[in-house]
Amino acid sequence: MENVVYKDTKLEINVKAIEPEIFLTKATYYSYDVESGRFVIHLKKDLTDFSIPEGTDLKMTLIKLSDNTKYIVIPEIEDRVKGIISLVIPKILLGYVGGVRAGIFIKPPNSQSVHGGYFTFSMALSDIDDDNEEMVEFYNQLFEDMAVNFEKDVNELMANVEEHAVEKIIEYDKKFEEVETKVSSMENQAANMEVKQEEILKKIVENDVPTKSESSANVIYQVIGKDKVRVSLTLDYQNKIRGSMLENPNWAGAAHGLNNLPLPSDFKNEAVQERYDALASRGEGDYVHVGTVSSNQYPCFDHRWGVLEGLKHFLGEQFFIDRGATTFEEQVEMIKEILIEIKSNVWSFGKGPSGNYVVQAVFNSVGNNWTGAKTNSSSSFFKTTITSSKDGIANIIDDNGEINYIVYSEKSSDSIGSGIYIDHTDLELTFDLSVNEHIKLMMAQNQVENIANIEEAAEGKTDEKLMTPFKTKEFYLNETRSRRQKWDEGLNWIAHRGNNTEYPENSLPAFRSVRRHWGIETDIQVTSDGQWVVMHDSTVDRTTNGSGLVSSMTLAQFRNLRIDTGVNSSLLSDEERIPPTFDEFLLTCKILNRIPVIEIKSGTYSTANYSVLKETLNLFGYDETNCVLGSFDYTVLSKLRNIYTNMELHYFVDSISVTAINNAIELGIPTTISCSQGSSTLSIDNVRLIHAAGLKVGAWTVPDESFDKLIQLGVDYITTNSLSGNLKYSACSLSNGFTDNIDSGRVKESFVEEVGGGMAHISFNVENGSNTQNSVIAMLPDWAVPIYKQFEKCCIRVSSANGDVVLGTFDVNGRIAPYNGTAKSLAVGLKWSNRTSWAAGSTVYKV
């Protein structure tokens, strides 16, 4: 191809199977641009490059909009992989004046034909197109018209000059008189100033002026007075370089919302440099276009304004340091204080199935939603403004010191796409500065060096530093952290209604047999005579031999019931079958050194009921430092917070919502949102959002197979029916034909468990299987595998008739594979050859 320099217009067009909208380029080419002007078109589908395979039939149509004359041309393929094609302005447009609509049609081999989109441009004549007779005639006529108009304009100009000359002479005479008057006035003022100077000199001689020390004491107030300076700063995309936040700290990007609007975190792809350049200025013909690529999508564009960094560029880093804002978090809080108004201006319009429609909204980082929507139904670029006043600014500036604004149109339909067009956007910041305040803050900051920090306060070795009230409180809270919360931070496990895997739920045996869990969960409610008792359901029908509401029974009637449902309920004594009181539950937790996690059932409780609750907790030594109260009922939790300022509250919910998060924030720290483990709202994004608010996250009721998923999400509490908790438990998965010797239910399954201190306990009672040495009885879970092989004694039945039992051995094989054995396994040892039925063993070993 010849080495030709082209006048290029670059486009980015989305390929769609449905009829696309027309892309308005506003580009104009002249007759001298024929065969030297060019469109370079980047084809995309779903925001990725649309590659053009070999054998693709690629055509373009050119339609003169003045008479609908249609031509078919073949574009050049510049890059098949990236989907870049080009169209050089053809000779058929030579001498044409008017609009042109271009269409792209693509038929890949063995595939459906698709539209590559439409775009428009204009053709015009230039003053060098003298080879075209039509153009010569046009320019001759234009010259004649210009000559006639020029003569007419000259005559009118001369007449206006004569008329205005007289007016100006009169005007200047009047101003000269005013100047003479002002000069006379200034002469009088000068004479008065001479008199005042003499008076001042006299006072100085008499020492009737403030001394230097007296003046310095009040210099701040004498210099600045009481006024503040109002300052405005506009942020935009001038000098923005894609991928860099140094020159310009603002960011922009596009996304498509499927059925719902995307959150700021969903905008992953930064705008290309051409889009930043288009947004930097207004009304210069270039703009940003975002269109949908399928149905039910919102075309969206995010403007992320770096407010803190923008102010630091404007005011300087030292401004913040002087005012004591040395950390990033302190600087974010500072700008929330000094800003008094923020305006987001966007020049845009939109298209959708219903016509012209575009929306601008701002993100509320506290409520986690888009708010303050401003709509625009114009068919051309129109300015919309969102104004945020002082009261609302703190809610829209996020922890990064940024504000997000979204521009979007309505959802696309199955047949009609949606698009937004943005010409320009900027952000106006208004803030007040007081020199008086700034100097005072500088002075206070200089004194900070003489205030003790936490480490110095704890060390207690100097008498030369001060403790401010704030620092004193901070030191106190830090020192009393263990008093306010006695358990370790991290992941903790809660036994749901006690050990309900082996005993009936919420029974005393279920509570007393909890060994591997950090906490024991139960449910309490009030009897008709005001006593707190343990029962999950509002009625006693499901779990006892009685019927009726708990709230309609006296304590005596409740205690006359017997638990008759649940695992091994028939094995319980009569005393163990009595439904527990709240007192019995707390006593069990205290004996076992387990944290009571108490769910108060939804309902209306009196002040007396809450008083009895607190008295009962106090009786067993429980307060806001060593137990947890929770409920599904937000009203109940609010009353509990009034009683216990620092009690950890668990807000139980079926799903996580903005309302639930806001309610939990309102309850204050420490609060946990505990959600059903099967809810789709228990997501990594919501967990991070809750943690960012200073809250914790729990999940209920989690089966063994979901443990890893919840651990990866980063939850803080797992409530479960499993025997496995903070200390793990696992039934042995037997192999090589071995089966558990249950002995009619009198022998427990073979199992392995953690017992703390880096030790594990394994117990087995098996029959059948192999007697060959090193045969695997079961594989060990990873957490129960030692490094080295260990072996212990076991009992082996060798004669059922005579009841003979001999001692043999079994192997706990470690990570290092044993000779002729299998690593990480429980295996047959010595003297198994004469086994006739069962073998049983148990040991505690070091992991």
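Student: In which loop does Asn506 lie?
Tutor: This is a predicted model. In the model, Asn506 has a phi near 55 degrees, a positive value in a residue other than glycine. Its place in the chain is the loop between E22 and H13.

Student: Is Asn506 buried or exposed?
Tutor: A residue counts as buried under 20% relative accessible area. Asn506 has a relative accessible area of 5%, so Asn506 is buried.

Student: What is the phi of Arg497 near?
Tutor: Arg497 is found in the loop between strand E22 (492-495) and helix H13 (508-512). With 13% relative accessibility, Arg497 counts as buried. Arg497 is a residue other than glycine with a positive phi, near 55 degrees.

Student: Which residue does a cis peptide bond join to Ile669?
Tutor: The omega of this bond is about 5 degrees. The partner is found in the loop between helix H18 (658-667) and strand E28 (671-676). That partner is Pro670.

Student: What is omega near for the cis peptide bond from Trp700 to Thr701?
Tutor: Thr701 is found in the loop between strand E29 (696-700) and helix H20 (707-713). The bond that leads to Thr701 from Trp700 is cis, and its omega is near -25 degrees.

Student: How many disulfides does the structure hold?
Tutor: A disulfide needs two cysteine sulfur atoms within 2.5 Å. For Cys795, the nearest cysteine sulfur is that of Cys794, 7.1 Å away, and Cys795 is in no disulfide. For the structure, the number of disulfides is zero.

Student: Is Cys300 buried or exposed?
Tutor: The cut-off for buried is under 20% relative accessible area. Cys300 has 0% relative accessibility, so Cys300 counts as buried.

Student: How many aromatic pairs does a search of the whole structure find?
Tutor: Rings of Phe, Tyr and Trp pair if their centres lie within 6.5 Å. A search of the whole structure with this rule gives 27 aromatic pairs.

Student: What is the centre to centre distance in the aromatic pair of Phe349 and Tyr421?
Tutor: Phe349 is in strand E15 and Tyr421 in strand E21, 72 residues apart, and the pair links distant parts of the chain. Phe349 counts as buried at 6% relative accessibility, and Tyr421 counts as buried at 1%. The pair is stacked, with 10 degrees between the planes and a centre to centre distance of 4.7 Å.

Student: Why is the pair of Phe632 and Phe652 tilted?
Tutor: Planes under 30 degrees apart count as stacked, over 60 as edge-to-face and the rest as tilted. The ring centres of Phe632 and Phe652 are 5.6 Å apart and the planes are at 35 degrees, so the pair is tilted. Phe632 counts as partly exposed at 33% relative accessibility, whereas Phe652 counts as buried at 8%. The angle that answers the question is 35 degrees.

Student: Over the face of which residue does Arg101 lie?
Tutor: A charge sits over a ring if, among other conditions, CZ of Arg is within 6 Å of the ring centre. Arg101 is at 5.3 Å from the ring centre, and the ring belongs to Tyr118.

Student: Which residues form a nonpolar patch on the surface with Tyr788?
Tutor: Tyr788 lies in the loop between strand E35 (776-779) and strand E36 (790-799). At 58% relative accessibility, Tyr788 counts as exposed. The patch has about 340 Å² of accessible area together, and the partners of Tyr788 are Ile787 and Ile816.

Key. Residues numbered from 1 in each chain as written. Predicted model: local features only at pLDDT ≥ 70, side-chain atom pairs only at ≥ 80, totals over all residues. Heavy atoms only, no water. Buried < 20%, exposed > 50% of the residue type's maximum accessible area, 1.4 Å probe, protein only. Helix = DSSP H or I, 4+ residues; strand = E, 2+ residues; numbered from the N terminus. Patch = residues over 30% accessible without salt bridge, like charges linked within 9 Å, V, L, I, M, F, W, Y side chains within 5 Å. Areas by Shrake-Rupley, 256 points an atom, 1.4 Å probe, with all protein chains shown as cover. Salt bridge = Lys/Arg side-chain N within 4 Å of Asp/Glu carboxyl O. Phe/Tyr/Trp six-rings, centres within 6.5 Å; stacked < 30°, edge-to-face > 60°. Lys NZ or Arg CZ within 6 Å of the ring centre and 35° of its normal.
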